[in-house]
Amino acid sequence: MFRPFTATLLLAAGLGASAQAPSPAATAGSNAPIRGVVRAGAEATLTSRLAARIAAMPRQEGESFRKGEMLVQFECDRPQAELRSAQALLQVQRRQLDAQTELEKFGATGKTEVDVARSQADKARADVDALQAQLRDCAISAPFTGRVVERLARSHEGVAVSQPLLRIQDTSALELDLIVPSNWLVWLQPGTRFTFRVDETQQTIDAAVHRLGAAVDPVSRTVRIVARFRGDAQRVLPGMSGTAALTPPATRP
């Protein structure tokens, strides 16, 4: 007498199971779109290596720059004067060392006096090197070609050591972060080409897988991959998102 009721429950359970959304791994043979986010190839926050006043910071937020271009210039009049003084003292110490060395040849001075003169010359040389290194920190050059994301200080402001000054990004080699089913690793490999449609600009741009993630998420059974654009992406900015048309082999014509 309970068989019809049992059959109804089993049928309902079967329908409920079939209505559930498939897991990421279950869509491996489908042509489901994959969402992705654009990010910069490199990003850095430039900081001050000395306590000084900013003389110039020519690039504004959003402006582009080239590798090696000066991004921050500090006022360094005092270190420059100290360097000139140290260089003059170095010349004096070298002359004294030369004189002591010459006197030693004729036995007019001892080895100790020569060693002292040499040590004083070495110290003067070290002082000059230290000041020259400090002066190199008076200007900060761009480590790569990119754009200014945020100015964290302003011209004519005094800054402390390690204070953040500029946040910059390398926009010359944009990358795409994508999450795909882990069993796509059977066919997905560096060099696999696809198209990516950017939501903000409505562009469809050619791209290719650059590298695969180092680990698989065991819960979602997905893996992170990184791709790069192969087409014109001049209007694309880091932070934009879109859809990748990755086609598994099972769905290819």
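Helices (at least four residues) and strands (at least two) are DSSP runs, numbered from the N terminus. The exercises below use these labels for a predicted model.

**Exercise 1. Place Gln203 in the chain, decide whether Gln203 is buried or exposed, and find a side-chain partner.**

Step 1. Gln203 sits in the loop between strand S11 (193–198) and S12.

Step 2. The relative accessible area of Gln203 is 15%. Buried means under 20%, so Gln203 is buried.

Step 3. A polar contact of 2.9 Å joins the side chain of Gln203 to the side chain of Thr201.

**Exercise 2. Find which residues make a nonpolar surface patch with Leu212, and classify Leu212 by accessibility.**

Step 1. Leu212 belongs to strand S12, which covers residues 204–217.

Step 2. Together with Leu185 and Val216, Leu212 makes a nonpolar surface patch of about 200 Å².

Step 3. The relative accessibility of Leu212 is 32%. Partly exposed covers values between the limits of 20% and 50%, so Leu212 counts as partly exposed.

**Exercise 3. State how many disulfides the structure has, and describe the link and its two cysteines.**

Step 1. Searching the whole structure gives one disulfide.

Step 2. The disulfide is formed by Cys76 and Cys138, with sulfur atoms 1.8 Å apart. A pair qualifies when the sulfur atoms are within 2.5 Å.

Step 3. The two cysteines come from distant parts of the chain, 62 residues apart. Cys76 is in the loop between strand S5 (70–74) and helix H2 (77–105). Cys138 is in the loop between helix H3 (111–136) and strand S6 (139–141).

Step 4. The angle about the S-S bond is -105°, and the link of Cys76 and Cys138 is left-handed.

Step 5. Cys76 has 5% relative accessibility and therefore counts as buried. Cys138, with a relative accessible area of 4%, is buried.

**Exercise 4. Give the strand order of the open sheet of four strands, name the edge strands, and describe how S2 is joined to S9.**

Step 1. The order is S2-S9-S7-S4, and the pairing is antiparallel.

Step 2. The edges are strand S2 (42–47) and strand S4 (64–65). Each has a single partner strand, so one side of each lacks a neighbour in the sheet.

Step 3. Strands of a sheet pair through backbone hydrogen bonds. Here S2 and strand S9 (residues 164–170) run antiparallel and are joined by six bridges.

Step 4. Thr45 stands opposite Arg167 in S9.

Conventions:
Residues numbered from 1 in each chain as written. Predicted model: local features only at pLDDT ≥ 70, side-chain atom pairs only at ≥ 80, totals over all residues. Heavy atoms only, no water. Patch = residues over 30% accessible without salt bridge, like charges linked within 9 Å, V, L, I, M, F, W, Y side chains within 5 Å. Areas by Shrake-Rupley, 256 points an atom, 1.4 Å probe, with all protein chains shown as cover. Salt bridge = Lys/Arg side-chain N within 4 Å of Asp/Glu carboxyl O. Buried < 20%, exposed > 50% of the residue type's maximum accessible area, 1.4 Å probe, protein only. Pairing = 2+ DSSP bridges. Polar contact = N/O pair within 3.5 Å; in protein donor to acceptor, adjacent residues only side chain to side chain.
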